[in-house]
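Colleague: I'm still new to reading structures, and I'd like a close look at one part of this one. Could you take me through helix 3 and what sits around it?

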Amino acid sequence: MQDWQNYYAHHGEIESVMIASTFMLYVLDTYGKEKLLAFFKAVGDSKKLEKALQVTFDKDKATIEKKWLAYIAQEGFPILSEPKIVRF
């Protein structure tokens, strides 16, 4: 897992926002608004991304990331580099 500051520095502001947006869309389309809000709350409460993913979605980071990347491919989002779930 990469850290967010290094990932952001290498991908630029616009692409980083696009990648983050695709994750939010994935969560909305797959789990709904309540889960997205619950995920934000879990991240804020725990300050630990992997714990927030597990608590909210009952799946580990690798599983969520794999499903999210499949969603990106299925939807045809124009991402220039390889997106990853990164910690803050």
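Modeller: Sure, and keep in mind as we go that this is a predicted model. Let's begin with Leu37, which is partly exposed, with a relative accessible area of 45%. That label fits because buried means under 20% and exposed means over 50%, with partly exposed in between. You'll find Leu37 in helix 3, which covers residues 33-46. Leu37 also belongs to a nonpolar surface patch, together with Met24 and Phe40. The patch comes to about 260 Å².

Now look at the charged residues of helix 3. Lys41 and Asp45 join their side chains in a salt bridge, with 2.7 Å from N to O. Why can these two reach each other? They are four residues apart in helix 3, so about one helical turn separates them. As for the idea behind it, side chains of opposite charge can pair when their charged atoms come close. Both partners count as exposed, because Lys41 has a relative accessible area of 51% and Asp45 has 57%, and the cut-off for exposed is over 50%.

How many salt bridges does a search of the whole structure find? It turns up two, so let's set the other one beside ours, using the 4 Å limit between nitrogen and oxygen. That other bridge links Glu65 with Lys61, and their closest N and O atoms are 3.7 Å apart. Here again the partners are four residues apart, this time in helix 5, so they are separated by about one helical turn. Are Glu65 and Lys61 buried or exposed? Both are buried, whereas Lys41 is exposed and so is Asp45.

Back to our helix, and on to what follows. Lys47 lies in the loop between helix 3 and helix 4, the latter being residues 49-57. Lys47 has a positive phi of about 60 degrees, although it isn't a glycine. Lys47 counts as exposed too, at 66% relative accessibility.

If you carry on to the loop between helix 4 and helix 5 (61-75), you meet Asp58. Asp58 is another residue other than glycine with a positive phi, here near 55 degrees. With a relative accessible area of 64%, Asp58 is exposed.

So, as a quick recap of helix 3: Leu37 helps make the nonpolar patch, and Lys41 and Asp45 form a salt bridge about one helical turn apart.

Methods:
Residues numbered from 1 in each chain as written. Predicted model: local features only at pLDDT ≥ 70, side-chain atom pairs only at ≥ 80, totals over all residues. Heavy atoms only, no water. Patch = residues over 30% accessible without salt bridge, like charges linked within 9 Å, V, L, I, M, F, W, Y side chains within 5 Å. Areas by Shrake-Rupley, 256 points an atom, 1.4 Å probe, with all protein chains shown as cover. Helix = DSSP H or I, 4+ residues; strand = E, 2+ residues; numbered from the N terminus. Buried < 20%, exposed > 50% of the residue type's maximum accessible area, 1.4 Å probe, protein only.
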